[in-house]
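Biologist: Please take a close look at one part of this model, the packing of a pair of helices, and then walk me outward from there into what surrounds it.

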Amino acid sequence: MTRNYAAAVNWQQELLSSIEVGIVVLDENFRVEVWNQFMENHSDIRPAQICGQSLFHHFDDIDESWLRAKAEPVFNLQTPVFLIWEQRPYLFRFGSNRPITSDSACMYQNVTMFPLTCDNGQTKQLCMLVYDVTDQALGKLRVERLNEELEYMSRVDGMTGLYNRRYWQERFDSIFKLYKRRDAEVAAVMLDIDHFKKINDTYGHQAGDKVIQTLAGLINQCIRETDLAGRYGGEEFALVLPDANAQQAHLVAERIRLAAEAATVLHDDQPIRFTVSLGLAPFDHEVTSAMAWLEQADMALYDAKASGRNLAIVYNEED
Ligand SMILES: Nc1nc2c(ncn2[C@@H]2O[C@H](COP(=O)(O)OP(=O)(O)OP(=O)(O)O)[C@@H](O)[C@H]2O)c(=O)[nH]1
């Protein structure tokens with residue numbers, strides 16, 4: 001061995017040891033030929049323990065048939081293959097050395113596999129480069145989570161947890177368009193707390209807020225998951241009940257009305273009772289816009305108020 005050649009081999013060894021990337025060389029049977037310092041540090045497996053042995057023998061949580069299928073083009077077509085953390089968070093289950101306050105117990109990894117070609121042009125080995133992308137992945141996951149939270153907050157009324165008016169209206173408009181093309185039943189409901197001003201005036205605004213929150217909870221208990229409930233205004237709520245004809249929607253409305261009538265809200269040890277009025281409008285193909293449909297429910301609500309309150313009334317064109 002010449003002096004220059006020996007020095008080059010030494011540098012290569014140092015390079016393999018100091019680089020902050022995992023380097024693994026595998027033969028066609030997935031036996032390990034090279035296992036650098038990065039891999040040793042994170043796995044606690046020394047090269048002498050793993051070289052010459054099957055990778056799967058040491059990492060039985062790696063899905064063998066999946067990895068073999070992924071590596072096939074590297075051996076057969078001599079093309080590189082990339083495994084990214086978004087598809088699988090990691091190939092090797094290594095602990096993350098991030099602070100325990102971070103959300104990751106494991107190291108997120110991107111892995112590149114590329115062919116090592118012999119002089120005769122054949123590929124008998126592949127090289128894996130294992131990149132620690134934990135910071136990048138956690139950053140991206142955090143941004144995604146924040147965006148989801150923002151989207152949720154932009155749709156929901158902070159006081160009740162029901163949809164806010166803007167989002168409810170948006171969904172209502174698309175439901176209207178959908179049912180215009182369908183031959184199916186759906187009903188819109190508007191409901192409003194009776195004499196709410198009196199509740200505010202008697203018990204205070206905070207007590208009024210509690211009544212609104214209690215009613216929102218009752219509405220949620222009385223409707224299906226597929227129904228759409230929103231806070232339309234101060235003490236006014238709007239619902240859409242898919243697959244409900246006038247009679248079925250009236251049953252739901254009555255359930256809400258009776259639940260409100262039976263509820264007691266405690267504020268400063270004072271029991272507060274309240275009732276609600278509801279107006280229902282089953283979808284009618286003749287109706288020309290979502291707004292016109294909602295106005296029918298509003299007219300029925302007006303009717304319920306005018307007829308004495310604590311009532312659920314179905315819109316009737318003749319009235
Ligand atoms: N506590 C509280 N009050 C609100 C809120 N939004 C609106 N209000 C009050 O709700 C009251 C609604 O009063 P009105 O529209 O006169 O209706 P009402 O007293 O319920 O009478 P009817 O609907 O005719 O039975 C007003 O006093 C508003 O100030 C809110 O978020 N919290």
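Modeller: In this predicted model, the axes of α9 and helix α10 (residues 246-262) come within 9 Å and cross at roughly 140°, and the crossing of α9 and α10 is right-handed. On the α9 side the residues that meet α10 are Leu 215, Leu 218, Ile 219, Gln 221 and Cys 222, while α10 answers with Val 252, Arg 255, Ile 256, Ala 259 and Ala 260. Sorted by class, this contact of α9 with α10 has eight nonpolar residues, one polar and one charged.

The helix α9 (205-222) also takes part in the surroundings of the ligand, where it supplies at least two residues of the shell, as do β6 (186-193) and α8 (196-203). Of the elements in that shell, α9 gives the most, with four residues. In total 15 residues surround the ligand, and the closest are Asp 194, Phe 196, Lys 197, Gly 208 and Gly 234. The balance of classes in the shell around the ligand is three nonpolar, five polar and seven charged residues, whereas the contact of α9 with α10 has eight nonpolar residues.

From the ligand shell, strand β6 leads into a sheet. Five strands form this open sheet in the order β7-β8-β6-β11-β12, and the pairing is mixed. Its edge strands are β7 (228-231) and β12 (312-314), each of which pairs on one side only, and neighbouring strands are turned by 15° against each other on average, with direction ignored. Within the sheet, β6 is joined to strand β8 (residues 236-242) by seven bridges, the two strands running antiparallel, and Leu 191 stands opposite Phe 237 in β8. Two further helices can be placed against these strands. Helix α7 (residues 165-180) lies across β6, β7 and β8 and runs at about 145° to β7, while helix α11 (residues 290-306) packs on the sheet, touching β6, β11 (276-282) and β12, with a direction that makes about 145° with that of β11.

To set this region in the whole chain, the domain assignment of the protein gives domain 1 as 3-141 and domain 2 as 159-314, and the C-alpha centres of domain 1 and domain 2 lie 59 Å apart.

There is also another sheet to describe. This open sheet of five strands has the order β2-β1-β5-β4-β3, with antiparallel pairing. The edge strands here are β2 (32-35) and β3 (81-83), and each pairs on one side only; the twist averages 20° from one strand to the next.

Beginning at the β2 edge, three bridges join strand β1 (residues 22-27) to β2, in an antiparallel arrangement. The bridge partner of Val 25 in β2 is Val 34, and that of Val 24 is Trp 35. The hairpin of β1 and β2 has four residues between the strands, and in this hairpin Phe 30 takes a positive phi near 65°.

Turning to the other strands of this sheet, β4 and strand β5 (residues 123-132) pair in the antiparallel sense over nine bridges, and Phe 114 stands opposite Cys 127 in β5. These two strands, β4 and β5, form a hairpin with five residues between them, and Gly 121 in the turn has a positive phi of about 85°. At the β3 edge, three bridges join β3 to strand β4 (residues 109-117), again running antiparallel, and Leu 83 stands opposite Val 111 in β4.

Returning to the helix pair you asked about, α9 meets α10 through residues including Leu 215 and Ile 219, and α9 also gives four residues to the shell around the ligand.

Notes:
Residues numbered from 1 in each chain as written. Predicted model: local features only at pLDDT ≥ 70, side-chain atom pairs only at ≥ 80, totals over all residues. Pairing = 2+ DSSP bridges. Axes fitted to C-alpha atoms, helices over the stretch in contact; angles between N-to-C directions. Near = placed C-beta within 6 Å. Nonpolar A, V, L, I, M, F, W, Y, C, P; charged D, E, K, R; others polar. Domains from an automatic or database assignment. Left-handed = near helix turned anticlockwise from the far one by under 90°. Contact = placed C-beta atoms within 7 Å.
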